[in-house]
There are 4 protein chains.
Amino acid sequence: MIRVAVVGAAGFIGGELLRLLVGHPEVEVTAAVSSRFAGKRVDGVHPNLRSATDLTFCPADDVDEYDTVFLATPHGAAMAQIERWTGHSKQVIDLTGDFRLEDTEVFQRYYRSSHVAPHLLGEFVPGIPELHRERLRGADLVSVPGCMAVAGTLSLHPIRDLIGPEAHLDARTGSSGSGATAGEDNLHAFRSGAMRVFAPTGHRHEAEIARHVGVRVTMTATGVEAVRGVQTVCHVTPKPGVDEKAVRRAFRERYRDEPFVRLVAQHRGRYRYPEPKILSGSNFCDVGFAFDEDTGRLTTIAALDNLMKGGAGNAVQCLNIRMGWPENLGLSFPGLHPV
Amino acid sequence: MIRVAVVGAAGFIGGELLRLLVGHPEVEVTAAVSSRFAGKRVDGVHPNLRSATDLTFCPADDVDEYDTVFLATPHGAAMAQIERWTGHSKQVIDLTGDFRLEDTEVFQRYYRSSHVAPHLLGEFVPGIPELHRERLRGADLVSVPGCMAVAGTLSLHPIRDLIGPEAHLDARTGSSGSGATAGEDNLHAFRSGAMRVFAPTGHRHEAEIARHVGVRVTMTATGVEAVRGVQTVCHVTPKPGVDEKAVRRAFRERYRDEPFVRLVAQHRGRYRYPEPKILSGSNFCDVGFAFDEDTGRLTTIAALDNLMKGGAGNAVQCLNIRMGWPENLGLSFPGLHPV
Amino acid sequence: MIRVAVVGAAGFIGGELLRLLVGHPEVEVTAAVSSRFAGKRVDGVHPNLRSATDLTFCPADDVDEYDTVFLATPHGAAMAQIERWTGHSKQVIDLTGDFRLEDTEVFQRYYRSSHVAPHLLGEFVPGIPELHRERLRGADLVSVPGCMAVAGTLSLHPIRDLIGPEAHLDARTGSSGSGATAGEDNLHAFRSGAMRVFAPTGHRHEAEIARHVGVRVTMTATGVEAVRGVQTVCHVTPKPGVDEKAVRRAFRERYRDEPFVRLVAQHRGRYRYPEPKILSGSNFCDVGFAFDEDTGRLTTIAALDNLMKGGAGNAVQCLNIRMGWPENLGLSFPGLHPV
Amino acid sequence: MIRVAVVGAAGFIGGELLRLLVGHPEVEVTAAVSSRFAGKRVDGVHPNLRSATDLTFCPADDVDEYDTVFLATPHGAAMAQIERWTGHSKQVIDLTGDFRLEDTEVFQRYYRSSHVAPHLLGEFVPGIPELHRERLRGADLVSVPGCMAVAGTLSLHPIRDLIGPEAHLDARTGSSGSGATAGEDNLHAFRSGAMRVFAPTGHRHEAEIARHVGVRVTMTATGVEAVRGVQTVCHVTPKPGVDEKAVRRAFRERYRDEPFVRLVAQHRGRYRYPEPKILSGSNFCDVGFAFDEDTGRLTTIAALDNLMKGGAGNAVQCLNIRMGWPENLGLSFPGLHPV
């Protein structure tokens, strides 16, 4: 049993980490850190953990020694506190945006603030097992990517040599992406049934996809009716001579042995392309594509649960990799249907 | 054209009043009062009024003379300000809870505070055209009932002589009933898809139904997935000898000439009983019932849009009655289907 | 009062036509044609019309003489019956896909069938008041465009000289677009909360947008959680020298006097860009855009109610134009908020 | 490893059984029986099982020998085929309504048909571990109760000696209760956002609650917006002298050691009473109550996932009991939050 701490444990990502880690056979959750709820029971904030844990939240200054610390704080807080947590644990897995970009200028442009620990930017291994599994085996610092960045990256990386240099990406997301302290705009009466274009341009996750895939990315992000779930649709131009078979082969070969990526691209059926709702609670990222031979147009589609493969689940997968455990330990829930 | 003011114009009921009054052929909205948004455009808060009005909100102390003032403030504010508004207008139509109960003790029990204008409690005519049309023709003070109280009352009043002295009432409501400033509990991620029993006992509206119908009422209120919409289901015991025909006749006769109450009680079809969703934006209260001759059990069902017949629409109907206009003036929208 | 018939009156578009025409001050609905429901009451199928009409459906062969016939049948039936309806009315307004494309080859490609009345293709005036108002004044044959085609066209046409020759379009739609006889795939348990990419490429409406705007269009269509509502997001490349001001000016000037198109493109606020949910039941098409000066990227956004401006409302607007009535006659409902 | 068959494997309950049994460490799914889909892949119908199983459906006449057969067929089919399945397996767990009532007259009244295997009615042990655990250890025939019956029963049974002889029950349910072959009434456009009173009186599950609890039960069932989830609210009258403490004690003592029943009755917090949405995919039935000392009124509330504790999960719990395995084997998923 290793000892882990979750910092920012009262948030949505924090709660999902607790669900996974409390149920993980090799992990003991030693600390659920939350300033706001210190002293309160964890299941008062995360009611799905009733009867699963008797933990209470502890304040941030009540630091012990841990094997792994998960940072699920607001953006900005992770880089401000990073030295403290690296000093008390063997591994830090950061789920904020603070260490997702390598380039301080790009960071400045997308986050509208300076980075306070730029010397560490290069030290963090991106928490994308499908791209960096080997590096993750020894990684003491891991930066888990943004939810839409995971989806976009996994739907483009295998075919990056088959497409032109530009990708238009349309991302849809549920409301949990805004976090547990989202303001009045996320009141049910406003957000329910919405198709809210909240980032027509300039969303932070587009910079991550560009970094990982090596193409120029423009992205539009829209909030649609869902609590969990992200879907990305990418419009790209295949290079001359590339056909459907080549694309299918590229995806197949790349993801054949991946435990959490499935190719979903069927010509018939009710769930032909990746659909987020059947992935709620699971760690899958489903990836699909449609190739229009007439127009030479290629569309790739990805879906995941933003709190799982787009956050907490991905982080636990990274932990499993580093510890040499089966990658799906504690991550075996397959998702529900109908739902 | 009469001159009206809406106080609390930035709230949900306030916004619905503005929608109706801006579109009303005999009304000029002279003031949309909101302290919080004073100086801001009305359509910045109520985006459905884009291109319908150029009004801006004005502060509460910027008082003029009006024909009718609608009070859509938080509970408590209406009774505190009532003298001021009666001093500046011929008629006040209050949509808060402040003047809905006659008895100060009952008020104290349900609102957990003392009434500050108890001498006026008896002056307000209940804004229920179906019960008090004649008194409303001359009413200078009108108190529009709570949304669930309207539904419950209209589904019981016609049969009050046919049933025993007790009614169990189960009410379901959308999230707009909690208002535009509902707190964190009403975040979309928490409230979406919920079946939230928020008042298993003691909801304020049960006291109103008891007052209007003259039976003992116990009520449970549950928030379900909807923004607009209230549905009540009442369980009552018919008196000996009462059968389905008698119940149907009582409802039919009572509501035959009512412009906004429809009897919906069919043995087949997709919308056999009152369904709130097809009433969104309309001023209808649909009323139905099911009589189980085997068990001698009677269930009555009602549905309405809480912001319309359960609030703003009912208030405008009261205004139309007092002014001698057609009752459905400005209230002719029939609702949508499918929706 | 003119005499109108609605053919396919039991469908969703048919029902919406009935709602609008029953409430229209200059129209008498003479026939609500439905083979399947002939003899049944209209409000049994369209429960929002209870108390609004006593009409019953009539069979298709029970033909009279009309001023205007609206065709809201399944695709294919309109072109098969067109001679019959033109023989019995002064004007036919077709809401199916049958006469939306001029080119029989394009029709064949997108509809996978031959056109049976190709000689009439050029006779139909596209039912887009914003592009063809003058021609519509005298039009005996009108073809109302597809819901997503209206949104896409109105968000691109004013700037067609300011952009490159290609548009990528991402369309989201509610479930009512599939019609009242949609099959098992549209069961609530499957369709609820879905993000269903049902047409990654090749959707019929893309051919209409290409026709009306004069650019190459590739479109992806996704069903999201909503009953009514369409939103389109277009990614285009502005020509050199084009900036935000030029784009804003082009939209402003073009739509300044349009009764049903509003420019919604704000830098702050809760409803910054076009949002379908607040348009339910209204005839508005809201159009907006975001210009990213850094990347030289332009995104345009449009929203409408697919049964209204994307169907029945647009058809009634065309009727109003031809009859010389105010364009918003019978179309004044502004939409609800919150909803 | 025991060998099990699921009959009716393409339905919603069948699919949930497959999800649980495929993931169960002691079970091998030998047959997934479906006439309609025989020969097709299981994950084509249940897409959440992609990568979890390569099973294909088999026809009903392709019978082998099994340790346990689960019957998830339409009502009526189980009693017609029961001899066949008992002939080929050691245990039959029936999830239909066929063997839920002991009394053939009551059966006739609620199911409107005669029972074709009345001699077996008394042989089936009700699949309610909380009431019949000991009998279930040796049960070869188990009848899993209806979803609303489980909720109602568990929220009344512990206090049956503390209350009067009548219970009014209000039940709300998601759309999955209608099954995968629900007709046009369950189209998304009709069912979405509905509050559909589909059984104001006479729902079959009320007879089961009456049987298990020993009180007269009247029940109203309403479909609300959800795919999964059932909530019951019971109105009962406590006997003289019974207070809140007595009720709380009765629930506490009864459910203290139950692995899947939790008492949820808090005076504050966001999830004070049982809420179905956080139970999706879990096997919990949360039970709560509110006691109004003023009026002497008692309300009990229960929530569960109709496909889990209200169906497949309960069935697997019964299997675990009979086999002497830990009761939560294969049933450890705690539910999600937010969701």
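The following dialogue reads several features of this predicted model, from single residues to interfaces between chains.

Visitor: Let me begin with a single element. Is helix 1 of chain C mostly covered or mostly open, and how many of its residues are buried?

Guide: A helix may be judged by counting its residues that fall under 20% relative accessible area. Helix 1 of chain C spans residues 12–22, and nine of its eleven residues are buried. Among them are Phe12(C), Glu16(C), Arg19(C) and a run of leucines that includes Leu17(C) and Leu18(C).

Visitor: What covers the buried residues of helix 1 of chain C?

Guide: The cover includes elements of chain C itself, namely strand 1 (2–7), strand 2 (27–33), helix 2 (42–45), strand 4 (66–71) and helix 10 (312–323). A part of chain D also contributes, for helix 7 (188–191) of that chain is included in the cover.

Visitor: I should like to turn to the backbone. Which residues does a cis peptide bond join in chain C?

Guide: The omega angle is the value to read here. In chain C the bond between His337(C) and Pro338(C) is cis, with omega about -5°. Pro338(C) belongs to the segment that follows helix 10 of chain C. In chain D, the bond from His337(D) to Pro338(D) is likewise cis, with omega near -5°, and Pro338(D) sits in the segment after helix 10 (312–323) of chain D.

Visitor: What is the phi of Arg112(B), and where is the residue placed?

Guide: The sign of phi is the point to check, together with the residue type. Arg112(B) has phi near 55°, a positive value in a residue other than glycine. Its place is the loop between helix 4 (104–111) and strand 6 (125–126) of chain B. Arg112(B) is exposed, with a relative accessible area of 72%.

Visitor: What is found for Arg112(C)?

Guide: Phi of Arg112(C) is also near 55° and positive. The residue lies in the loop between helix 4 (104–111) and strand 6 (125–126) of chain C. Arg112(C) is exposed too, at a relative accessible area of 71%.

Visitor: Now the interfaces. How many residues of chain D and chain B are in contact, and what area do the two chains bury?

Guide: An interface may be read by its residues, its area and its polar pairs. Chain D places 46 residues in contact with 46 residues of chain B. Between them the two chains bury about 4000 Å², of which 55% is on carbon and sulfur atoms. On the chain D side, Met195(D), Arg270(D) and Arg297(D) lose the most area to chain B, together 20% of what that side buries.

Visitor: How many salt bridges and polar contacts cross the interface of chain D and chain B?

Guide: Six salt bridges are found across this interface. One of them pairs Glu184(D) with Arg270(B), at 3.1 Å from N to O. There are also 23 residue pairs in polar contact, both residues being at pLDDT 80 or more. Several elements of chain D supply at least two residues each to the side that touches chain B, including strand 8 (166–173), helix 7 and strand 9 (196–199). Strand 10 of chain D provides the largest share, four residues. By class, this side has 18 nonpolar, 13 polar and 15 charged residues.

Visitor: Which salt bridge may serve as an example between chain C and chain A?

Guide: Arg172(C) and Asp170(A) meet in one, at 2.6 Å from N to O. The rule finds six salt bridges across this interface, and the contact takes 46 residues from each of the two chains.

Visitor: Finally, which domains are assigned in chain A, and how far apart are their centres?

Guide: Domain 1 of chain A comprises 2–144 + 311–323, and domain 2 comprises 148–304. Their C-alpha centres lie 25 Å apart. In the contact, 22 residues of domain 1 meet 26 residues of domain 2, and the two domains bury about 2000 Å² between them. Phe12(A), Tyr110(A) and Glu130(A) lose the most area on the domain 1 side, together 31% of what that side buries.

Visitor: How many salt bridges cross between these two domains of chain A?

Guide: Four are found. In one of these, the closest N and O atoms of Arg133(A) and Glu258(A) are 2.7 Å apart. Helix 5 of chain A gives the most to the side of domain 1 that touches domain 2, with four residues.

Conventions
Residues numbered from 1 in each chain as written. Chains lettered and ligands numbered in written order. Predicted model: local features only at pLDDT ≥ 70, side-chain atom pairs only at ≥ 80, totals over all residues. Heavy atoms only, no water. Buried < 20%, exposed > 50% of the residue type's maximum accessible area, 1.4 Å probe, protein only. Contact = heavy atoms within 4.5 Å. Buried area = accessible area lost by both parts, 1.4 Å probe. Salt bridge = Lys/Arg side-chain N within 4 Å of Asp/Glu carboxyl O. Polar contact = N/O pair within 3.5 Å; in protein donor to acceptor, adjacent residues only side chain to side chain. Nonpolar A, V, L, I, M, F, W, Y, C, P; charged D, E, K, R; others polar. Domains from an automatic or database assignment.
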